[in-house]
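Here are a few exercises to work through with the model open in your viewer. Try each one before you read its solution.

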Amino acid sequence: MPFLTKNFNVDEGATLTFTIFWKDPNDVPINITGYSAKMQARDKQGGKILCFTLTHTDGIAINGPLGRISVTVSAERTTKLVYPKSFYDLVLTAPDGVTKTRILEGTLSVSKAVTV
């Protein structure tokens with residue numbers, strides 16, 4: 001089960017940005033220094049159509065001590081989403097390279113653009 005489920009409305013051809021904070025049950029930030037991150041969007045959960053992939057080196061910024069993860073989905077990538085909605089999740093990998101935690105999942109509901 002993910003840490004958080006969040007559904008977004010996405011304007012096709014526009015940049016989507018959001019930030020989440022990973023905190024423990026006492027609302028204390030979890031230090032994720034040394035973690036890596038990966039986010040993918042697909043046509044459906046477990047789907048074969050990959051819309052895009054983001055990583056901690058391209059589209060995802062991690063502030064370890066604050067437990068902050070900032071995500072930027074470029075305008076080019078939002079044009080690749082499946083209409084009317086795509087599904088995504090965000091996975092953190094611990095510094096050991098083995099332990100993975102799905103901290104976020106949800107849908108990306110697409111509002112079709114007129115001007116792209």
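**Exercise 1.** Find the cis proline: where does Pro84 lie?

*Solution.* Keep in mind that you're looking at a predicted model. Start with the elements on either side: Pro84 sits in the loop that links helix H1 (75–78) to strand S8 (85–93). Next, check omega for the peptide bond from Tyr83 to Pro84: the angle is near 10°, and the bond is cis.

**Exercise 2.** Work out the fold layout: how many strands and helices does the chain have, and in what order do they run?

*Solution.* First count: the chain has nine strands and one helix. Then walk from the N terminus, which gives β-β-β-β-β-β-β-α-β-β.

**Exercise 3.** Take Asp27 and decide whether the residue is buried or exposed. Then check its backbone.

*Solution.* Locate the residue: Asp27 belongs to the loop between strand S3 (16–21) and strand S4 (36–42). Now apply the cut-off, where exposed means over 50% relative accessible area. Asp27 comes out at 53%, so the residue counts as exposed. Last, look at phi: the value for Asp27 is near 65°, which is positive although the residue isn't a glycine.

**Exercise 4.** Do the same for Arg77: buried or exposed? Then list what surrounds the residue.

*Solution.* Arg77 is part of helix H1. The cut-off for buried is under 20% relative accessible area. Arg77 has 17%, so the residue is buried. For its neighbours, skip anything up to four places away in sequence; Arg77 then touches Phe52, Thr53, Leu54 and Asp58. With Asp58 there's also a polar contact, side chain to side chain, at 2.6 Å.

**Exercise 5.** Why does the radius of gyration of the chain agree with a compact globule?

*Solution.* Take the chain length, 116 residues, for which a compact globule would come in near 13 Å. The chain has 14 Å, so the two agree. For the extents, the C-alpha trace spans about 45 × 25 × 25 Å along its principal axes. On burial, 34% of the 116 residues are buried. Finally, look at contacts between residues at least 6 apart in sequence: 63% of these join residues at least 24 apart.

**Exercise 6.** What does the chain expose, and how are its charged side chains placed?

*Solution.* Start with area: about 6,700 Å² is exposed, and carbon and sulfur atoms supply 51% of it. Then count charges: there are 13 positive and 10 negative side chains. The centres of these two sets are 5 Å apart.

Methods. Residues are numbered from 1 along each chain as its sequence is written. This is a predicted model: local features need pLDDT of at least 70, side-chain atom pairs count only at pLDDT 80 or more; totals for chains, interfaces and linings use all residues. Side-chain values use heavy atoms; hydrogens and water are left out. Helices (H or I, at least four residues) and strands (E, at least two) are DSSP runs, numbered from the N terminus. The radius of gyration is taken over C-alpha atoms; the globule rule is 2.2 Å times the number of residues to the power 0.38. Buried means under 20% relative accessible area, exposed over 50%, partly exposed in between (1.4 Å probe, protein chains only). Contact means heavy atoms within 4.5 Å. Accessible areas come from the Shrake-Rupley method with a 1.4 Å probe; for residues, only the protein chains shown count as cover. Lys and Arg count as positive and Asp and Glu as negative; His and the chain ends are not counted. The place of a charge is taken as NZ of Lys, CZ of Arg, CG of Asp or CD of Glu. A polar contact is a pair of N or O atoms within 3.5 Å; within protein, one must be able to donate a hydrogen and the other to accept it, and residues adjacent in sequence count only if both atoms are side-chain atoms.
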